[in-house]
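Dear colleague,

I am handing over the structure we discussed, and my notes on it follow directly below. Please read them with the coordinates open beside you.

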Amino acid sequence: MNEPIDTRRFEEIKAAGELPSPKGIALAIARMSQRGDASLAELARLVQGDPALVGRLVRAANGTQAPGSRPVVALRDALAVLGMAAVRNLALGFSLISSNGQGLCRSFPYARFWTGSVIRAIAMQKIAMRLRTAGVEESFSVGLLSAVGALGLASVFPAQYSRVLDEARSDETGLLDLERQAFAMTHVELSAAMLLDWGMPRFFVVAVLGHESALTSQAEPGSREHGLTLALGLARAIESVCMAGESTRPQHMDAARALAARMEWVPEQIAALCDEVAQDWKDWSQMLPVDAYALPSLDGIVPVPAPALSVQPAPARPAANEVPTGEGLRVLVVEDDAATRLTLQALLTRGGYQVATAEDGVCGMECALEFQPQIIVTDWMMPQMNGLELTRTLRQTRMGRNIYIIVLTSQEEDQRLIEAFEAGVDDYMVKPLRPRVLEARLRAGQRLVRMQKELEAEREEIRRYAAELGVSNRRLQEVALTDALTGFPNRRYAMNRLGQEWAIAQRSERPLSCMLIDIDQFRQINETYGRDVADQVLEQTAKAIRECMRAQDVVCRTGGDEFLIVCPDTDLAQAAACAQRVCAGVSAVPMQAGRLRLSSSISVGVATRLAAMPGPDALLTLADQALIAAKKGGRNRVQTAG
């Protein structure tokens with residue numbers, strides 16, 4: 001990664017709202033995986049509590065098997081094939097699908113998003129099986145969660161992100177630029193931050209950061225990160241091919257072939273991969289816990305029929321920050337007695353309410369999920385699920401916490417009413433029905449609904465202000481840590497970053513090197529030609545240094561004509577070779593300042609971290625000594641310490 005993920009901004013976004021997170025069995029699996037002594041038998045007992053998850057894990061395990069292998073049919077075999085980390089990540093992904101099948105962001109395509117994510121996951125797993133660049137067991141979950149940051153923005157900032165998506169569709173400005181302007185973090189960066197926060201290995205996080213621009217990846221060619229970035233980028237391209245209509249599919253297929261060419265694949269391999277992904281999607285689409293997006297006809301790949309939808313779409317409803325007027329509030333009547341149900345429906349309809357009805361608690365729960373009522377009038381005694389059971393179930397859902405619930409009862413004993421209120425009921429009404437009393441109690445509910453809407457509007461306003469403040473703080477921080485002339489990070493950033501990399505290298509026992517660079521004869525240029533020419537030489541030299549550096553290196557201007565380059569995971573020989581490349585690159589570029597054409601060169605001191613060093617200052621001192629030796633040795637050269 002060119003620079004660490006902005007953890008401060010990530011924490012601000014986490015504080016601004018509820019980011020998608022694992023729940024239920026997925027959360028229990030995540031906690032179990034943190035223990036070093038968790039056994040396969042314990043994991044199996046936990047997973048067996050969710051039959052749907054069992055089926056998905058078995059399907060995922062079979063996806064890792066080579067053609068002709070004995071199929072996995074037992075849960076324990078599937079867990080043994082996948083391993084604890086892969087099971088944890090898969091459970092996390094499927095938990096997110098189950099709990100985020102729809103949401104408040106008007107312009108966010110939830111069904112299309114999850115359909116695309118699963119297709120990308122299938123493609124990533126098949127690519128990993130061919131390349132063996134990463135654990136095949138974990139590649140599915142990486143593909144599934146690689147764009148989860150978009151869902152995160154839609155969840156935390158639903159209204160703002162809806163506007164950003166609308167603007168991105170109607171404007172030539174890129175989505176990433178609009179996201180950065182609005183939130184100081186793109187969905188790609190947020191995806192990487194969330195995966196890192198969930199414990200995903202760092203090399204997968206690097207791939208997620210770079211996969212949307214995989215063709216221009218700055219990762220070291222041949223490295224694990226480079227291979228994973230290309231693989232995930234190709235998986236994303238395959239997703240686009242499968243999701244695109246006939247008119248745009250050739251364009252997406254060309255992008256997939258371009259990525260495949262970088263991986264030394266032939267075009268026929270892409271066509272075969274698309275066929276396999278589309279075929280596997282037909283099986284996965286039946287197992288998704290949300291409505292699957294109906295794919296276009298995949299002529300030339302594999303015809304995939306649109307999967308049957310398990311839930312009918314909910315009727316259009318007012319925006320979250322509006323109180324209905326004219327047509328009135330949405331009221332759900334749950335009553336097993338047909339005469340009472342029809343009477344309530346007639347009274348409420350005449351009162352201007354939108355009314356839906358259900359004949360028992362089970363139907364009432366299903367209707368509540370679709371209709372999203374603001375008030376529920378329910379009978380207490382009903383078959384299958386009574387009114388209190390319905391209330392308790394609703395109160396456990398996010399949607400049901402804010403519903404105003406009135407229970408109808410023929411009993412007025414104190415203990416029974418206490419039981420009702422403890423179950424979560426807001427009000428009660430004794431049968432037989434009295435229209436004026438019902439109207440009065442509904443007005444009380446309407447006042448509460450209005451107060452909830454106003455509170456939600458205020459929260460949304462606070463989130464917007466917090467987001468704007470976060471953007472402003474981010475920009476101020478960037479200004480404070482950036483050198484205005486070269487655009488490089490300044491000395492303050494350099495010292496902080498060197499300290500961070502030192503701690504990482506010490507903890508993981510990995511190499512760390514640094515370079516100190518000084519522009520030769522810079523003071524003479526300044527005195528001879530003036531400050532303006534010297535600034536141009538400095539700026540052009542900085543550009544030449546940047547173009548010669550590797551993706552993982554961090555270049556900073558520490559003052560005057562001095563630069564510091566931090567080289568993580570780099571030993572002395574590798575750093576010296578990189579320094580030679582930089583030195584030669586600067587010498588080869590003529591410096592143009594108006595009509596003047598000047599030559600420029602640099603001296604470089606290179607040092608690497610030693611076990612006996614007490615801290616990063618000792619590393620800088622050693623590099624400085626090497627730089628002094630390079631200057632004494634005739635300049636325009638590289639000197640290594642030791």
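I begin with the aromatic side chains, where ring pairs join Phe108, Tyr110, Phe113, Trp114, Phe157, Tyr161 and Phe183 into a cluster. Please keep in mind throughout that this is a predicted model. With ring centres required to lie within 6.5 Å, the count of aromatic pairs comes to nine. One of them is formed by phenylalanine 108 and tyrosine 161, whose rings are tilted, with 6.4 Å from centre to centre and 40° between the planes. This pair links distant parts of the chain, since phenylalanine 108 belongs to the loop between helix H6 (84-99) and helix H7 (110-131), while tyrosine 161 belongs to helix H10 (residues 158-170), 53 residues apart. Both phenylalanine 108 and tyrosine 161 are buried.

Two arginines are also placed over aromatic rings. Arginine 224 lies over the face of phenylalanine 203, at 3.7 Å from the ring centre, and the charged end of arginine 464 sits over the ring of tyrosine 465, 4.7 Å from the centre of that ring.

As for the chain overall, the protein has 26 helices and twelve strands, and 49% of its 642 residues count as buried. Of the contacts between residues at least 6 apart in sequence, 69% join residues that are at least 24 apart. The protein chain exposes about 30200 Å², of which carbon and sulfur atoms supply 50%.

The strands that I followed in detail are E1, E3 and E4. Strand E3 (residues 375-379) pairs with E4 in the parallel sense over five bridges, and E1 and E3 pair in the parallel sense over four bridges. Within the pairing of E3 with E4, the bridge partner of threonine 378 is valine 407, and aspartate 379 stands opposite leucine 408. On the side of E1, leucine 332 stands opposite isoleucine 376 in E3.

How many of the residues of strand E4 (residues 404-409) are buried? Six of the six are, so E4 is largely enclosed by the rest of the structure. In a regular strand, side chains alternate between the two faces of the sheet. In E4 both faces are covered, with Tyr404, Ile406 and Leu408 buried on one side and Ile405, Val407 and Thr409 buried on the other. For E3, five of the five residues are buried, so that strand too is largely enclosed by the rest of the structure. Ile375, Val377 and Asp379 point one way from E3, whereas Ile376 and Thr378 point the other way, and all are buried.

Finally, I looked at helix H18 (residues 361-371), whose buried residues are Gly361, Gly364, Met365, Cys367, Ala368 and Phe371. The cover over these buried residues includes strand E1 (330-334), strand E2 (354-358) and helix H19 (387-395). At the N-terminal end of H18, aspartate 360 acts as a cap, with a side-chain oxygen that lies 3.1 Å from the backbone nitrogen of valine 362. After H18 comes glutamine 372, whose phi is positive, near 50°.

With best regards

Notes:
Residues numbered from 1 in each chain as written. Predicted model: local features only at pLDDT ≥ 70, side-chain atom pairs only at ≥ 80, totals over all residues. Heavy atoms only, no water. Helix = DSSP H or I, 4+ residues; strand = E, 2+ residues; numbered from the N terminus. Buried < 20%, exposed > 50% of the residue type's maximum accessible area, 1.4 Å probe, protein only. Contact = heavy atoms within 4.5 Å. Areas by Shrake-Rupley, 256 points an atom, 1.4 Å probe, with all protein chains shown as cover. Polar contact = N/O pair within 3.5 Å; in protein donor to acceptor, adjacent residues only side chain to side chain. Phe/Tyr/Trp six-rings, centres within 6.5 Å; stacked < 30°, edge-to-face > 60°. Lys NZ or Arg CZ within 6 Å of the ring centre and 35° of its normal. Pairing = 2+ DSSP bridges.
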